[in-house]
Amino acid sequence: RIVGAQSEGPVEEAVSLSLRPQRLADYVGQPRLIEKLTIALDAVRARREPMDHVLLHGPPGLGKTTLATIIAHEMGANLVTTSGPALTRPTDLVGTLTRLGEGDVLFIDEIHRLPVIVEEYIYPAMEDYKIDFTLDQGMHAKAITLPIKPFTLIGATTRAGLLSGPMRSRFGIVHSLEFYDETDLLKILTRSADLMGMTARGGTSMTDGLQTMARRSRGTPRIANRLLRRVRDFAQVRSDGRVDPDVVEGALQLEGVDKLGLDELDRKYLRVIGTVYEGGPVGLEAIAATLSEDAATLEELVEPFLLQIGFLARTRRGRALTARGAQHIGVTLAQQPDENLF
Ligand code: ADP
């Protein structure tokens with residue numbers, strides 16, 4: 001199980017593992033990245049070498065872990081998963097690295113949270129498949145080099161800017177994942193609904209209901225799959241188990257998901273800026289304190305989508321609502337923020 005702020009409960013995790021595509025061909029969307037990876041995989045398979053290290057960045061739930069699973073699967077290699085915060089001491093990393101088999105894939109989630117003292121040990125491992133460390137101190141200090149098996153590191157981070165320059169430069173493939181459009185989310189939802197054995201009520205097509213969900217999943221496959229599980233529950237308890245647009249509407253309303261896919265936290269965030277701070281600009285910390293939320297959670301989970309749909313602007317002086325963002329929550333701004341202040 002992957003340790004991290006975004007991990008789901010054990011049951012949900014088991015369901016989402018079964019929904020996780022295993023082959024590159026089943027991975028929906030992100031065409032540029034898939035093309036890069038296909039070329040890299042074909043080339044190294046022919047040369048019988050491990051693949052170059054890969055750094056993926058983008059908001060949670062866009063498919064970074066899934067890609068790591070697929071790459072390992074396509075290479076016929078084992079996948080070892082860990083996370084930046086789990087590797088607190090250099091010995092944690094050394095232990096993980098020395099246990100890797102030839103060609104294995106090591107996935108480090110939240111790699112930006114790797115402690116600096118651990119980060120230094122990973123450089124020679126990534127570059128030359130070795131670990132350098134010093135035994136004892138002072139006069140008796142002895143430098144030891146420990147060889148490790150050639151491996152592929154896949155790092156995931158929510159934003160590229162969080163990673164140190166030396167770390168970033170050691171990845172051969174660096175890619176930023178994008179939010180998914182409705183067409184791609186519909187494909188993901190159709191596949192998941194199929195795997196979960198969901199059926200549509202007679203006279204309606206499954207696509208009718210799923211289309212609505214695709215539009216209201218904040219461009220994020222994890223959210224789409226989570227809402228689908230809620231729809232399945234709703235259909236089972238409030239109806240005869242079959243899905244139709246009314247069931248979807250009822251389940252989404254119960255989840256507090258609005259027409260644009262925003263949830264309660266998104267709307268609370270917008271409302272705080274709109275009312276308490278009169279539209280902003282206001283610093284993230286102030287918003288977080290007012291909401292009693294963690295600033296990092298807001299920055300990783302809430303803001304990227306609001307920025308993407310043009311409801312929020314990040315200016316030098318802080319966050320500001322745009323006219324559209326204000327309109328969505330029914331607030332009239334006294335003064336329009338200057339959106340050219342990036
Ligand atoms: P991240 O690691 O970026 O937080 P995950 O890889 O855990 O995201 O993806 C979350 C869920 O969304 C997975 O369970 C997977 O089933 C689904 N998913 C993500 N990306 C895709 C995709 N491109 N195609 C199909 N399903 C996807």
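Which residues does L19 touch, not counting those up to four places away in sequence? Keep that in mind while you get your bearings; the tour comes back to it shortly. What you have open is a predicted model.

**Stop 1: the whole protein**

Zoom out until everything fits in the window. The protein has 342 residues, and 36% of them are buried. Color by secondary structure and you should find 14 helices and 9 strands. Along the principal axes, the C-alpha trace spans about 70 × 50 × 35 Å. If you draw contacts between residues at least 6 apart in sequence, 68% of them join residues at least 24 apart.

**Stop 2: L19 and the annotated positions**

Now select L19, which sits in helix α1. Its contacts beyond four places in sequence are S192, L195 and N225, and that settles the opening question. L19 is partly exposed, because 19 other C-beta atoms lie within 10 Å of its own and a residue needs 20 or more to count as buried.

L19 is also one of the positions that UniProt, in an unreviewed entry, lists as "binding site". Select the full set: L19, R20, G61, K64, T65, T66, E127, D128, Y129, R170, Y180 and R222. They are spread over 204 residues of sequence, and in space their C-alpha atoms lie up to 36.5 Å apart.

**Stop 3: T65, T66 and the ligand**

Pick T65 next, in helix α3, which runs over residues 64-75. Is T65 buried or exposed? It is buried, with 25 other C-beta atoms within 10 Å. Step along to T66, which is in α3 as well. T66 counts as buried with 20 C-beta neighbours inside 10 Å. Setting aside neighbours within four places in sequence, T66 is in contact with R20, P21 and Y27.

Then show the ligand. There are 20 residues around it, and G63, K64, T65, T66 and P221 come nearest. Helices α1 (10-19), α3 and α9 each supply at least two residues of this shell. Color the shell by class and you get 9 nonpolar, 8 polar and 3 charged residues.

**Stop 4: the cores**

In soluble globular proteins, nonpolar side chains tend to be buried together. To see that here, select L189, M213, A224, L227 and V231, the residues with the most contacts inside the largest nonpolar core, which has 41 residues. Elements that each supply at least two residues of this core include α7 (182-195), α8 (206-215), α9 (221-238) and β8 (312-315). The largest share, 7 residues, comes from α9.

Click on L189 for a closer view: beyond four places in sequence, L189 touches L210, M213, A214, A224 and L228. A second, separate core of 33 residues includes M51, L93, I111 and I122.

**Stop 5: helix α11 and what follows**

Select α11 (264-276), another contributor to the largest core. At 1.5 Å a residue, its 13 residues should span 18 Å, and the end C-alpha atoms are 17 Å apart, which agrees. The buried residues in α11 are D266, Y269, L270, V272, I273 and G274. What covers them includes α12 (284-291), α13, β9 and α14 (323-328).

Most residues other than glycine have a negative phi, and most peptide bonds are trans. Just after α11, however, E278 takes a positive phi of about 50 degrees. A little further on, a cis peptide bond joins G280 and P281, with omega about 0 degrees. P281 lies in the loop between α11 and α12.

**Stop 6: two more positive phi angles**

Jump to R48, in the loop between α2 (31-47) and β1 (54-57). R48 has a positive phi of about 55 degrees although it is not a glycine. R48 is exposed, with 7 other C-beta atoms within 10 Å. For a contrast, select E110, in the loop between β3 (105-109) and α5 (116-128). E110 has a positive phi too, of about 50 degrees, but E110 is buried, with 23 other C-beta atoms within 10 Å.

**Last stop: P147**

Finish in strand β5 (residues 142-147), where you will find P147. P147 counts as exposed, with 10 C-beta neighbours inside 10 Å. Apart from neighbours within four places in sequence, P147 is in contact with Y129 and K130. Try a distance label to P124 as well: the two C-alpha atoms are separated by 10.0 Å, although the residues are 23 apart along the chain.

How values were computed
Residues numbered from 1 in each chain as written. Predicted model: local features only at pLDDT ≥ 70, side-chain atom pairs only at ≥ 80, totals over all residues. Core = buried A, V, L, I, M, F, W, Y, C linked by C-beta atoms within 7 Å. Buried ≥ 20, exposed ≤ 12 C-beta atoms within 10 Å, placed from the backbone. Helix = DSSP H or I, 4+ residues; strand = E, 2+ residues; numbered from the N terminus. Contact = placed C-beta atoms within 7 Å. Near = placed C-beta within 6 Å. Nonpolar A, V, L, I, M, F, W, Y, C, P; charged D, E, K, R; others polar. Expected span 1.5 Å × (residues − 1). UniProt positions renumbered as here; feature names shortened; annotations may be inferred.
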